[in-house]
Amino acid sequence: MEWLNEYHLGGVAIGICTFLIIGFFHPIVIKAEYYWGVRCRWWFVLLGIVSMIGSIMVADIILQTLLGVFSFSSFWSVREIVEQRERVLKGWFPMNPKRKSEYEPKQSEKTCHQATGSTSINN
């Protein structure tokens with residue numbers, strides 16, 4: 001990693017790796033929601049905490065930065081999992097037929113829609 005500092009390429013390397021880390025999380029969120037639903041958001045919380053601890057423990061500034069980016073990309077994915085579920089409900093992404101019951105509104109949501117006269121998200 002010394003050559004990155006020697007040729008002043010640390011910022012470029014961090015930028016490229018940040019782009020790749022964020023790009024890595026996009027399909028992971030889609031697949032995770034498809035196979036496990038929003039329950040897997042806790043995996044992203046755990047992954048974020050572990051990589052944050054790793055960022056604190058590592059001495060190299062470039063590695064610290066990349067672990068920090070990875071950590072907060074994991075934390076951001078917690079919200080993205082919930083938003084991915086909403087995108088599935090809108091029909092923008094495929095629904096996992098094995099978990100179809102998870103996408104149906106709960107009884108309390110049905111009552112709320114009936115009371116307000118609103119229609120479901122799928123319409």
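In this predicted model, helices α3 and α4 share an interface to which α3 contributes Arg41, Phe44, Val45, Leu47, Gly48, Ile49, Ser51, Met52, Gly54 and Ser55. On the side of α4, the residues met are Gln64, Leu67, Gly68, Phe70, Ser71, Phe72, Ser74, Phe75, Ser77, Val78 and Ile81. The axes of α3 and α4 lie 8 Å apart and form an angle of about 165 degrees. Since angles over 145 degrees count as roughly antiparallel, α3 and α4 are therefore assigned to that class. The crossing of α3 with α4 is left-handed.

Helix α3 comprises 17 residues, 41-57. At 1.5 Å a residue a span of 24 Å is expected for α3, and the C-alpha atoms at its ends are 25 Å apart, in agreement with that value. Five residues of α3 are listed as buried, namely Phe44, Gly48, Ser51, Gly54 and Ser55. These buried residues lie on the same side of α3, because the arc they cover around the axis is only 125 degrees. An α-helix has 3.6 residues a turn, so residues three or four places apart point the same way. The cover over the buried residues of α3 includes α2 (10-36) and α4 (61-89). The face of α3 turned away from the buried side carries the exposed residues Trp42, Leu46, Val50, Ile56 and Met57.

Helix α4 also packs with α2, at an angle of about 30 degrees and with the axes 8 Å apart. The cut-off for a roughly parallel pair is an angle under 35 degrees, and α2 and α4 are therefore classed as roughly parallel. The crossing of α2 and α4 is right-handed.

Two residues of α4 were examined individually. Serine 74, located in helix α4, has a relative accessible area of 0% and is buried. Apart from residues up to four places away in sequence, serine 74 touches Phe25, Phe44, Leu47 and Gly48. Of these contacts, Phe44, Leu47 and Gly48 are also among the α3 residues that meet α4. Phenylalanine 25 is 49 residues from serine 74 along the chain, yet their C-alpha atoms are separated by 7.7 Å.

Glutamate 80 likewise belongs to helix α4. Its relative accessibility is 18%; because the buried class extends to values under 20%, glutamate 80 counts as buried. With neighbours within four places in sequence left aside, glutamate 80 is in contact with Val29 and Arg87.

Terms used:
Residues are numbered from 1 along each chain as its sequence is written. This is a predicted model: local features need pLDDT of at least 70, side-chain atom pairs count only at pLDDT 80 or more; totals for chains, interfaces and linings use all residues. Side-chain values use heavy atoms; hydrogens and water are left out. Helices (H or I, at least four residues) and strands (E, at least two) are DSSP runs, numbered from the N terminus. The expected span of a helix is 1.5 Å times one less than its number of residues. Buried means under 20% relative accessible area, exposed over 50%, partly exposed in between (1.4 Å probe, protein chains only). The arc is that of the directions from the helix axis to the C-beta atoms. Contact means heavy atoms within 4.5 Å. Axes are lines fitted to C-alpha atoms, for helices over the stretch in contact, and angles run from 0 to 180 degrees between N-to-C directions. Angles under 35 degrees count as roughly parallel, over 145 as roughly antiparallel, 65 to 115 as roughly perpendicular and the rest as oblique. A crossing is left-handed if the near helix is turned anticlockwise from the far one by less than a right angle, and right-handed if clockwise.
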